[in-house]
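Open the structure in your viewer and keep the selection tool at hand. This tour goes from stop to stop, with a selection to make at each one.

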Amino acid sequence: MDALSVARLFVCAFFAVVLIQSSIDKLFDWKGNLEWLTGHFGKTFLRSQVPMMLGTVLMVELMGGFGCALSIIVLLTRGPALIPLVSMSLVCLNFVMLITGQRIAKDYAGAATIAAYFISALYGLTLMPSPV
């Protein structure tokens with residue numbers, strides 16, 4: 001196994017852990033997350049959309065996180081390259097959604113943190129094998 005293959009595995013493992021943990025937190029503490037986000041977006045035009053946004057982020061996180069976990073198996077077995085590519089695309093989409101919300105809420109420190117995750121995800125996306 002070469003360094004590129006190992007890097008692909010670690011990127012998928014990292015984002016599987018990050019997104020699955022975040023999804024589990026949202027599932028088991030829906031009320032707490034909803035309350036915090038309602039306050040966070042309270043002074044924005046998105047205040048009435050918080051439940052829908054939370055649900056959307058949860059679904060993208062679940063698909064991206066479990067897609068990354070599946071991608072580990074796919075990469076190890078040389079399965080269809082489309083799965084890791086789509087999974088990492090969902091990871092990137094998740095962080096674009098999160099940073100958009102942080103910027104709208106004017107939480108620039110939170111947005112900066114998400115930017116680091118996004119850069120890592122974008123780099124991970126470029127590492128994934130091409131399905132063509």
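A nonpolar core is a set of buried Ala, Val, Leu, Ile, Met, Phe, Trp, Tyr and Cys residues joined through side-chain atoms within 4.5 Å. Keep that in mind for a later stop. Note too that this is a predicted model.

**The whole chain**

Start with a cartoon view of everything. The protein has five helices and zero strands. Read from the N terminus, the order of elements is α-α-α-α-α. Turn the C-alpha trace along its principal axes: it spans about 50 × 25 × 20 Å. The radius of gyration is 16 Å, which agrees with the value near 14 Å for a compact globule of 132 residues. Of those 132 residues, 39% are buried. Now consider contacts with a separation of 6 or more: 70% of them join residues 24 or more positions apart.

**The largest nonpolar core**

Which residues have the most contacts inside the largest nonpolar core? Select Phe-15, Cys-68, Met-88, Val-91, Phe-95 and Ala-121 to see them. The core as a whole has 17 residues. Colour α1, α3 (50-77), α4 (82-104) and α5 (108-127) next, as these elements each give two or more residues to this core. The biggest share comes from α1, with seven residues.

Stay here and centre on Phe-15. Leave aside its neighbours within four places in sequence. Its contacts then include Cys-68, Met-88, Val-91, Phe-95 and Ala-121. Ile-20, Gly-65, Tyr-117 and Ser-120 are also in contact with Phe-15. Another core, of six residues, lies apart from the largest one. Select Leu-37, Phe-41, Val-50 and Ala-105, which are among its members.

In soluble globular proteins, nonpolar side chains tend to be buried together.

**Three buried polar stops**

Select Ser-23, in helix α1 (residues 3-28). Buried or exposed? Ser-23 has 1% relative accessibility, so it counts as buried, the cut-off being under 20%. Beyond its neighbours within four places in sequence, Ser-23 is in contact with Leu-58, Glu-61 and Leu-62.

Move to Asn-94, in helix α4. Its relative accessible area is 0%, so Asn-94 is buried. Show what Asn-94 touches outside the residues up to four places away: Leu-19, Val-57, Val-60 and Glu-61.

Ser-87 is also in helix α4. With a relative accessible area of 5%, Ser-87 is buried. Its partners, not counting residues up to four places away in sequence, are Gly-64, Gly-67, Cys-68 and Ser-71. Try the distance tool on Ser-87 and Ala-13. They are 74 residues apart in sequence and 12 Å apart in space, C-alpha to C-alpha.

**Along the last helix**

Go to Leu-125, in helix α5. Which residues does Leu-125 touch, not counting those up to four places away in sequence? Pick out Leu-85, Met-88, Ser-89 and Cys-92. Then draw a line from Leu-125 to Arg-8. It joins C-alpha atoms 8.9 Å apart, although the two residues are 117 apart in sequence.

**The largest pocket**

Switch to a surface view. Rolling a probe the size of a water molecule over the atoms shows where empty space is left. The largest pocket has a volume of about 680 Å³. To find its centre, select Lys-26, Val-57, Glu-61, Leu-98 and Ile-114, the closest of the 30 lining residues. Each of α1, α2 (30-40), α3, α4 and α5 supplies at least two residues of this lining. The most come from α4, with eight residues. Colour the lining by class: 16 residues are nonpolar, eleven polar and three charged.

**The second largest pocket**

How many residues line the second largest pocket? There are 13, and Ser-5, Arg-8, Leu-75, Leu-76 and Arg-78 lie nearest its centre. The elements that give two or more residues to this lining are α1 and α3. The volume of the second largest pocket is about 230 Å³. By class, its lining has eight nonpolar, two polar and three charged residues. Arg-8, the partner of Leu-125 in the distance line, appears again here among the residues nearest the centre.

Key. Residues are numbered from 1 along each chain as its sequence is written. This is a predicted model: local features need pLDDT of at least 70, side-chain atom pairs count only at pLDDT 80 or more; totals for chains, interfaces and linings use all residues. Side-chain values use heavy atoms; hydrogens and water are left out. Helices (H or I, at least four residues) and strands (E, at least two) are DSSP runs, numbered from the N terminus. Buried means under 20% relative accessible area, exposed over 50%, partly exposed in between (1.4 Å probe, protein chains only). Contact means heavy atoms within 4.5 Å. On a 1 Å grid over the protein atoms alone, a cavity is a set of points where a 1.4 Å probe fits but cannot get out, and a pocket is an open set with protein on both sides within 12 Å along at least five of seven lines; lining residues have an atom within 4 Å of a point. Grid points are joined across faces, edges and corners, and a volume is the space filled by probe spheres set on the points. Ala, Val, Leu, Ile, Met, Phe, Trp, Tyr, Cys and Pro count as nonpolar, Asp, Glu, Lys and Arg as charged, and the others, Gly among them, as polar. The radius of gyration is taken over C-alpha atoms; the globule rule is 2.2 Å times the number of residues to the power 0.38.
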